[in-house]
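Subject: Structure handover

Hello,

Here is the structure I said I would pass on. My notes on it follow below.

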Amino acid sequence: MKQRVRAILITPENTLLLMKRIRPGIDPYWVIIGGGVEDSDASREDALLREVREEIAGEAQIVCLLHQLENPKGETEYFYLARITQWNFDDKTGPEFQRDDRGEYLLDEIPLTTEALTDVNLLPEEITHVLHKALQRGDLLTTL
């Protein structure tokens, strides 16, 4: 079964880095940066750091596994909480950026608040609920 990894990337300013997707005929939506675990990856964590490097030319420090879920395709997705100190979206190298038929990818930095999360269409919905609950408990930033 395919495994996917996602990085809930918190910046030094305590904002959240998300990928905004704009595709023809679909309302814009946001996703958490990440992708598939490859056979060449030594671990899920190594895959996550590779994806962060590919998608935003960033370097992150993984803090902990925050959540996992099974997506509609039957894949297990692992959501890791991570701190990021440097990134450069202009230097992205992931294969998805080479295809013209995938729409636009925009890096978006949003405040780490329940209000800001409510204002974006963050998918999957389950992770939105997980982040809302963690923010309401006040333990998301204390974990970092």
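The buried residues of helix H1 are covered by, among others, strand E1 (3-10), strand E2 (15-22), strand E4 (33-36), strand E5 (59-70), E6 and strand E7 (104-111). Bear in mind that this is a predicted model. The residues of H1 that are buried are Ala47, Leu48, Arg50, Glu51, Val52, Glu54, Glu55 and Ile56. H1 itself runs over residues 44-56, and its 13 residues reach 18 Å from the first C-alpha to the last, close to the 18 Å expected at 1.5 Å a residue.

Glu55 is one of the charged residues in that buried list. Why does Glu55 count as buried? Its relative accessible area is 5%, and the cut-off for buried is under 20%. A polar atom of the Glu55 side chain lies 3.5 Å from the backbone nitrogen of Gly34. Between Glu55 and Ile10 there are 15 Å in space, C-alpha to C-alpha, and they are 45 residues apart in sequence.

After H1 comes Ala57, with a positive phi near 50 degrees. Ala57 belongs to the loop between H1 and E5 and is partly exposed, at a relative accessible area of 26%. A positive phi in a residue other than glycine also turns up at Asn14, near 60 degrees. Asn14 is in the loop between E1 and E2, and its relative accessibility of 30% makes it partly exposed.

Next, the nonpolar cores. The largest has 21 residues, of which Ile8, Leu16, Leu18, Ile32, Leu122 and Leu131 touch the most other members. At least two residues of this core come from each of E1, E2, E6, helix H2 (114-119) and H3. Which element gives the most to this core? H3 does, with five residues. Another core, of 18 residues, lies apart from it, and its members include Val5, Ile33, Tyr78 and Ile84. In soluble globular proteins, nonpolar side chains tend to be buried together.

Leu131 shows what such a core residue touches: not counting residues up to four places away in sequence, its partners are Ile8, Leu16, Ile32, Leu66, Leu117, Leu122 and Leu140.

H3 has 13 residues, which should span 18 Å at 1.5 Å a residue; the end C-alpha atoms are 19 Å apart, so the two agree. Its buried residues are Ile127, Thr128, Val130, Leu131, His132, Ala134 and Leu135. Thr128 has a relative accessibility of 11% and therefore counts as buried. The side chain of Thr128 reaches the backbone oxygen of Leu122, at 2.9 Å. Ahead of H3, in the loop between strand E8 (122-123) and H3, is Pro124. The peptide bond from Leu123 to Pro124 is cis, with omega near 0 degrees. H3 is followed by Gly138, which has a positive phi near 80 degrees.

Glu77, in strand E6 (residues 76-86), is another buried acid, with a relative accessible area of 7%. What does the side chain of Glu77 make polar contacts with? One partner is the side chain of Arg6, at 3.1 Å, and another is the side chain of Asn71, at 3.0 Å. Leaving aside neighbours within four places in sequence, Glu77 is in contact with Arg4, Arg6, His67, Gln68, Leu69 and Asn71.

For the aromatic rings, the count of aromatic pairs comes to zero. There are charges over rings, however. The charged end of Arg21 sits over the ring of Tyr105, 3.9 Å from its centre. The charged end of Arg44 likewise sits over the ring of Tyr78, with 3.9 Å to the centre of that ring. Tyr78 is also among the members of the 18-residue core.

Lastly, the loop between E6 and E7 holds Asp91. Is Asp91 buried or partly exposed? At 45% relative accessibility, Asp91 counts as partly exposed. Asp91 and Arg23 lie 22 Å apart in space, C-alpha to C-alpha, with a separation of 68 residues in sequence.

Regards

Conventions:
Residues are numbered from 1 along each chain as its sequence is written. This is a predicted model: local features need pLDDT of at least 70, side-chain atom pairs count only at pLDDT 80 or more; totals for chains, interfaces and linings use all residues. Side-chain values use heavy atoms; hydrogens and water are left out. Rings of Phe, Tyr and Trp (its six-membered ring) pair if their centres lie within 6.5 Å; planes under 30 degrees apart count as stacked, over 60 as edge-to-face and the rest as tilted. A charge sits over a ring if NZ of Lys or CZ of Arg is within 6 Å of the ring centre and within 35 degrees of the ring normal. Helices (H or I, at least four residues) and strands (E, at least two) are DSSP runs, numbered from the N terminus. Buried means under 20% relative accessible area, exposed over 50%, partly exposed in between (1.4 Å probe, protein chains only). A polar contact is a pair of N or O atoms within 3.5 Å; within protein, one must be able to donate a hydrogen and the other to accept it, and residues adjacent in sequence count only if both atoms are side-chain atoms. Contact means heavy atoms within 4.5 Å. The expected span of a helix is 1.5 Å times one less than its number of residues. A nonpolar core is a set of buried Ala, Val, Leu, Ile, Met, Phe, Trp, Tyr and Cys residues joined through side-chain atoms within 4.5 Å.
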